[in-house]
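Reader: Could you walk me through this structure? I would like to ask short questions as we go along.

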Amino acid sequence: MLYIYDIVVNFMDGDEIYESFEWEYKDILEHIKKMPVVKVDNNTFTDFMFNEVIVNHEFLETIRGKSSTYKEKLDFACLVTNDEKCFAIEFNEDGKVLFKSSLLLDEEEDIICCSRKISITNIEYKVIQKNPIKIRKLTRKEERDLYILKREIDTAYSYKDYEKLIYLYNEAYSEDDLSVHDKYKRLLHDLVDENFSKLKKLVRIISLINKK
C-alpha cells in the first residue's frame with residue numbers, strides 16, 4: 001500500500017469540499033503524519049466525491065488505523081484518487097463518510113504523481129443517496145453572504161420591518177413606486193447566483209445596522 005506523509009487536511013462535515021484557496025483562518029486544519037492512498041476508477045471517485053455512500057467492512061479493515069495525525073490515530077481514513085484529482089476521506093465504523101477534505105495544490109500534485117505507480121482498488125460500496133453534481137458559481141464567502149442577505153430580507157419582511165426592507169432596497173437600487181411586497185420580491189429575485197453581485201454591498205450595510 002502506498003503511504004503519503006506530512007500533508008494538511010481540512011475535514012468538513014457534510015458533502016462540501018472547499019478548495020484549499022477557500023480555507024479560512026477559523027477552519028480546524030489537521031497536520032497528517034501518515035495516510036494511505038487508494039486509487040479508484042472514475043465512477044467510484046465521482047460517487048465518493050459527490051454522493052452519499054457506504055463502503056463494505058472488508059475495505060474498512062484494509063485502512064483501519066493506518067492513518068494518523070501528529071497527535072492521534074484515525075480509525076478509518078485514506079486518500080482517494082483517480083490519477084486526476086485527489087481528496088482525503090474519513091469513514092465511521094459502519095462505512096459511512098464522516099468528513100472529506102481537499103488538499104493543498106502542491107501536495108495534491110505530488111500524490112497524483114505517486115499514485116500513477118499503483119493499481120486501481122475495487123471497492124464494494126452502496127450509494128445511499130445520489131446528489132446532483134454542483135458546479136459552484138460562488139466562493140465560500142459569497143455563499144455565506146448570500147445566506148445572510150436572504151435571512152435578513154426574509155426576516156424584515158416576515159416581521160413587517162418595512163422601514164429596514166425599504167432602506168435595503170433603496171441602497172441596492174433607487175427609490176421607486178413599487179409596493180413593499182414587490183420590493184421584497186425583486187430583492188429575492190436577485191438573490192441568485194447570476195445576480196448576486198448587485199446586492200453584495202448590502203452585506204456590509206447589514207453588518208453596520210446590526211452593530212448599532
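Reader: Let me begin with one residue: where is the place of Asp-6?

Author: This is a predicted model, and that holds for everything we discuss here. In it, Asp-6 sits in strand S1, which covers residues 2-9. Its backbone has a positive phi of about 60 degrees, although Asp-6 is not a glycine.

Reader: And is Asp-6 buried, exposed or partly exposed?

Author: Asp-6 has a relative accessible area of 41%, so the residue counts as partly exposed, given that the middle class runs between 20% and 50%.

Reader: Which phi does Asp-83 have, and where is its place?

Author: Asp-83, which is not a glycine either, has a positive phi of about 75 degrees. Its place is in the loop that runs between strand S6 (73-81) and strand S7 (86-91).

Reader: Let me step back for a moment. How many helices and strands are there in the chain?

Author: The chain contains seven helices and nine strands.

Reader: What is its radius of gyration, next to that of a compact globule?

Author: The chain has a radius of gyration of 22 Å, whereas a compact globule of 212 residues would have one near 17 Å. Along the principal axes, its C-alpha atoms fill a box of roughly 70 × 30 × 30 Å.

Reader: How much of the chain counts as buried?

Author: Of the 212 residues, 43% count as buried. The area that the chain exposes is about 12,700 Å², and carbon and sulfur atoms supply 51% of that area.

Reader: What about charge: how many positive and negative side chains are there?

Author: There are 34 positive and 42 negative side chains, and the centres of these two sets lie 2 Å apart.

Reader: Now the rings, please. How many aromatic pairs are there?

Author: The count comes to eight aromatic pairs. In one of them, the ring centres of Tyr-157 and Tyr-184 are 3.9 Å apart and the planes stand at 5 degrees, so this pair is stacked, since planes under 30 degrees apart count that way.

Reader: Which parts does the pair of Tyr-157 and Tyr-184 tie together?

Author: Tyr-157 belongs to helix H4 (residues 140-158) and Tyr-184 to helix H6 (residues 180-189), so the pair links parts that are 27 residues apart in sequence. Tyr-184 is buried, at 10% relative accessibility, whereas Tyr-157 is partly exposed, at 23%.

Reader: And why is the pair of Tyr-169 and Tyr-173 tilted?

Author: The centres of those two rings are 4.8 Å apart and their planes meet at 50 degrees, so the pair is tilted, because that word covers planes that are neither under 30 nor over 60 degrees apart. Tyr-169 is buried with a relative accessible area of 0%, and Tyr-173 is buried with 18%.

Reader: Which residues form the aromatic cluster?

Author: One aromatic cluster is made up of Phe-48, Phe-59, Phe-91 and Tyr-125.

Reader: Let me follow up on Phe-59: where is its place, and what does it touch?

Author: Phe-59 is in helix H2, residues 57-63, and it is buried, with a relative accessible area of 6%. Not counting residues up to four places away in sequence, Phe-59 touches Val-38, Cys-78, Phe-91 and Ile-123. By contrast, Phe-59 and Ile-209, which are 150 residues apart along the chain, have their C-alpha atoms separated by 53 Å.

Reader: Is Asp-47 buried or exposed?

Author: Asp-47, which is in helix H1 (residues 42-50), is buried, with a relative accessible area of 11%. Leaving aside neighbours within four places in sequence, Asp-47 is in contact with Val-53, Tyr-125, Val-127 and Lys-130. Thr-46 also lies in helix H1, but Thr-46 counts as partly exposed, at 31% relative accessibility.

Reader: One more: where does Asp-94 lie, and what does it touch?

Author: Asp-94 lies in the loop between S7 and strand S8 (97-101), and it is partly exposed, with a relative accessible area of 45%. Beyond residues up to four places away in sequence, Asp-94 touches Ile-54, Val-55, His-57 and Leu-60. Asp-94 and His-57 are 37 residues apart in sequence, yet 7.4 Å apart in space, C-alpha to C-alpha.

Terms used
Residues are numbered from 1 along each chain as its sequence is written. This is a predicted model: local features need pLDDT of at least 70, side-chain atom pairs count only at pLDDT 80 or more; totals for chains, interfaces and linings use all residues. Side-chain values use heavy atoms; hydrogens and water are left out. Helices (H or I, at least four residues) and strands (E, at least two) are DSSP runs, numbered from the N terminus. The radius of gyration is taken over C-alpha atoms; the globule rule is 2.2 Å times the number of residues to the power 0.38. Buried means under 20% relative accessible area, exposed over 50%, partly exposed in between (1.4 Å probe, protein chains only). Accessible areas come from the Shrake-Rupley method with a 1.4 Å probe; for residues, only the protein chains shown count as cover. Lys and Arg count as positive and Asp and Glu as negative; His and the chain ends are not counted. The place of a charge is taken as NZ of Lys, CZ of Arg, CG of Asp or CD of Glu. Rings of Phe, Tyr and Trp (its six-membered ring) pair if their centres lie within 6.5 Å; planes under 30 degrees apart count as stacked, over 60 as edge-to-face and the rest as tilted. Contact means heavy atoms within 4.5 Å.
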